[in-house]
Amino acid sequence: MKKPKVLVFIYNSNKIGGPTTSMRLLMNSRLKEDYEFKEICINGRLGKIPQIRLILKLVKEIKNYNPDLVHVSGLQLQGFYATLATR
């Protein structure tokens, strides 16, 4: 049976702790036997100007991976971009 593909958004992948750590722990848990995980990163500060290039880049990556499920956490600007790109 084919494993469902799960795309997990990671914010500021260079940081240790918080959501980044919990998502990586999840992806490396026993669940990796049942699911195929891939992480997609949004790094850096996004500022106040909409980042259209970033959204288009995320859309391309999402389409290339063709996930069955996308995990987005957080209500900050990165979460908004991830949700918009996923839509």
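**View 1. The outward face of helix α1 carries exposed Gly18 and Leu25.** These two residues sit on the face of α1 turned away from its buried side. Here "exposed" stands for over 50% relative accessible area, "buried" for under 20% and "partly exposed" for values in between, with a 1.4 Å probe and protein chains only. This is a predicted model, in which local features need pLDDT of at least 70 and side-chain atom pairs count only at pLDDT 80 or more, while totals for chains, interfaces and linings use all residues. Residues are numbered from 1 along each chain as its sequence is written, and side-chain values use heavy atoms, leaving out hydrogens and water.

**View 2. Turn to the buried side of α1, and you meet Thr20, Met23 and Met27.** Helix α1 covers residues 18–27; helices (H or I, at least four residues) and strands (E, at least two) are DSSP runs, numbered from the N terminus. Seen down the axis of α1, the buried residues fall within an arc of 70 degrees, so they line one face of the helix. That arc is taken from the directions from the helix axis to the C-beta atoms. What covers these buried residues? The cover includes β1 (5–11), β2 (36–42) and β3 (69–71), where contact means heavy atoms within 4.5 Å.

**View 3. The largest nonpolar core has 14 residues.** Phe9, Ile42, Leu54, Leu58 and Tyr81 touch the most other members. A nonpolar core is a set of buried Ala, Val, Leu, Ile, Met, Phe, Trp, Tyr and Cys residues joined through side-chain atoms within 4.5 Å. The elements giving two or more residues to this core are β1, β2, α2 (52–65) and α3. Helix α2 supplies the largest share, five residues. Apart from this core lies another, of six residues, including Val8, Ile10, Met23 and Met27. In soluble globular proteins, nonpolar side chains tend to be buried together.

**View 4. Phe37 in strand β2 has many residues to touch.** Leaving aside residues up to four places away in sequence, Phe37 touches Val6, Val8, Leu26, Met27, Leu31, Lys32 and Tyr65. Pro4 is 33 residues from Phe37 along the chain, with 8.6 Å between their C-alpha atoms.

**View 5. Arg24 and Glu39 join helix α1 to strand β2 through a salt bridge.** A salt bridge is a side-chain nitrogen of Lys or Arg within 4 Å of a carboxyl oxygen of Asp or Glu. For Arg24 and Glu39, the closest N and O atoms are 2.9 Å apart. Arg24 lies in α1 and Glu39 in β2, so the pair ties together parts 15 residues apart in sequence. Arg24 is partly exposed at 27% relative accessibility, and Glu39 is partly exposed too, at 28%.

**View 6. Within helix α2, Glu61 and Lys57 meet in a salt bridge.** The N to O distance is 3.2 Å. These two residues are four apart, about one turn of the helix. Glu61 has 26% relative accessibility, and Lys57 has 44%.

**View 7. Leu77, Phe80 and Leu84 make a nonpolar surface patch of about 270 Å².** Patches are made of residues with over 30% relative accessible area and no salt bridge, joining like charges within 9 Å and nonpolar side chains (Val, Leu, Ile, Met, Phe, Trp, Tyr) within 5 Å. Accessible areas come from the Shrake-Rupley method with a 1.4 Å probe, and for residues only the protein chains shown count as cover. Leu84 belongs to helix α3 (residues 77–86) and is partly exposed at 42% relative accessibility.
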